[in-house]
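Please open the model in a viewer and keep the selection panel at hand. The stops below each give a selection to make and a description of what is found there.

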Amino acid sequence: MDHREQLISTYLLELKKSLDQLPVGQILQAVDVIQKARLKKKTIFTMGNGGSSATASHMGCDFSKNTRSPELPAIRMICLSDSTPTITAFGNDEGYETIFSEPLKALANAGDVLIAISGSGNSPNILRGLETAKSLGMTTIGLSGFKGGRMIHMVDIPINIDTDSIERVEDIHMICDHVMTMVMRESLQ
């Protein structure tokens, strides 16, 4: 096996180990919170930076489209990472740490849900968004990696991927999105 094959083999082995430690109980708690919010026609917000922003956006699409049912209201989703003009306006005028908290102040209500996605769990804009969510009476779910950073202690439901690779963290965050989507869709049948 050459060096590149060894790198791939090691990566996949570590990914499998991380998947074996997936916090299934917390994922199911998150699904329950989202389903209850759905029934009350509350809004689910997502946010993240970089790769986590892409996951937040993908989650918004999956939850709103792939969980539809004629018997239930659609899941109301807003991805705070999706509006480049809003992000750059707040970032430029008030500081990057405000890009999620300020839109939440305008859009969110008590009983809504915020899903924060951060590999490190220490991004200042994510932490500020969580503080704002708490002050508004929102329920918070956090997808993090490594040891969870500060975020793990700030959320109601922490879903932490305890691995030392940002790539594996991001891989498994996407798996969490797809697992939650599948559980919400299949539990309707």
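**Stop 1: Ser165.** The model on display is a predicted one. Begin by selecting Ser165, which is located in the loop between E5 and H7. Is this residue buried or exposed? Its relative accessibility is 8%, so Ser165 counts as buried, the cut-off for that class being under 20%. Apart from residues up to four places away in sequence, Ser165 touches Tyr11 and Phe146.

**Stop 2: Phe146.** Move next to Phe146, one of the contacts of Ser165. Phe146 belongs to the loop between E4 and E5. Its backbone merits inspection: phi is positive, about 55°, although Phe146 is not a glycine. With a relative accessible area of 30%, Phe146 is partly exposed.

**Stop 3: helix H7.** Now select residues 166–186, which form helix H7. What span should its 21 residues have, at 1.5 Å a residue? The expected value is 30 Å, and the end C-alpha atoms are 30 Å apart, so the two agree. Colour the buried positions of H7: Arg168, Val169, Ile172, His173, Met174, Cys176, Asp177, Met180, Thr181 and Met184. To see what surrounds them, display these elements, against which the buried residues of H7 pack:

- helices H1 (3–20), H2 (24–39) and H3 (51–65);
- strands E3 (113–118), E4 (139–145) and E5 (157–161).

**Stop 4: His173.** Within helix H7, centre the view on His173. This residue is buried, with a relative accessible area of 1%. Which residues does His173 contact, leaving aside its neighbours within four places in sequence? They are Thr55, Ile117, Ser118, Leu143, Ser144, Gly145 and Ile161. A distance label may also be drawn from His173 to Ile159: their C-alpha atoms are separated by 9.0 Å, and the two residues lie 14 residues apart along the chain.

**Stop 5: salt bridges.** Side chains of opposite charge can pair when their charged atoms come close. The count for this model comes to seven salt bridges, and the tour visits some of them.

Select Lys147 and Asp162, whose side chains meet in a salt bridge at 3.1 Å, N to O. This pair links distant parts of the chain, with Lys147 in the loop between E4 and E5 and Asp162 in the loop between E5 and H7, 15 residues apart. Lys147 is exposed, with a relative accessible area of 63%, whereas Asp162 is partly exposed at 41%.

Continue to Asp156 and Lys134, a salt bridge in which the closest N and O atoms are 2.5 Å apart. Here too distant parts of the chain are linked: Asp156 is in the loop between E4 and E5, and Lys134 is in helix H6 (residues 124–136), 22 residues apart. Asp156 is partly exposed, with a relative accessible area of 40%; Lys134 is partly exposed as well, at 35%.

Then select Lys105 and Glu102, which form a salt bridge with closest N and O atoms 2.8 Å apart. Both residues are in helix H5 (residues 101–107), and because they are three residues apart there, about one helical turn separates them. Glu102 is partly exposed, its relative accessible area being 21%.

**Stop 6: Lys41.** Finish at Lys41, in the loop between H2 and strand E1 (43–48). What is the value of phi at Lys41? It is near 60°, a positive value in a residue other than glycine. Lys41 is exposed, with a relative accessible area of 56%.

Conventions. Residues numbered from 1 in each chain as written. Predicted model: local features only at pLDDT ≥ 70, side-chain atom pairs only at ≥ 80, totals over all residues. Heavy atoms only, no water. Helix = DSSP H or I, 4+ residues; strand = E, 2+ residues; numbered from the N terminus. Expected span 1.5 Å × (residues − 1). Buried < 20%, exposed > 50% of the residue type's maximum accessible area, 1.4 Å probe, protein only. Contact = heavy atoms within 4.5 Å. Salt bridge = Lys/Arg side-chain N within 4 Å of Asp/Glu carboxyl O.
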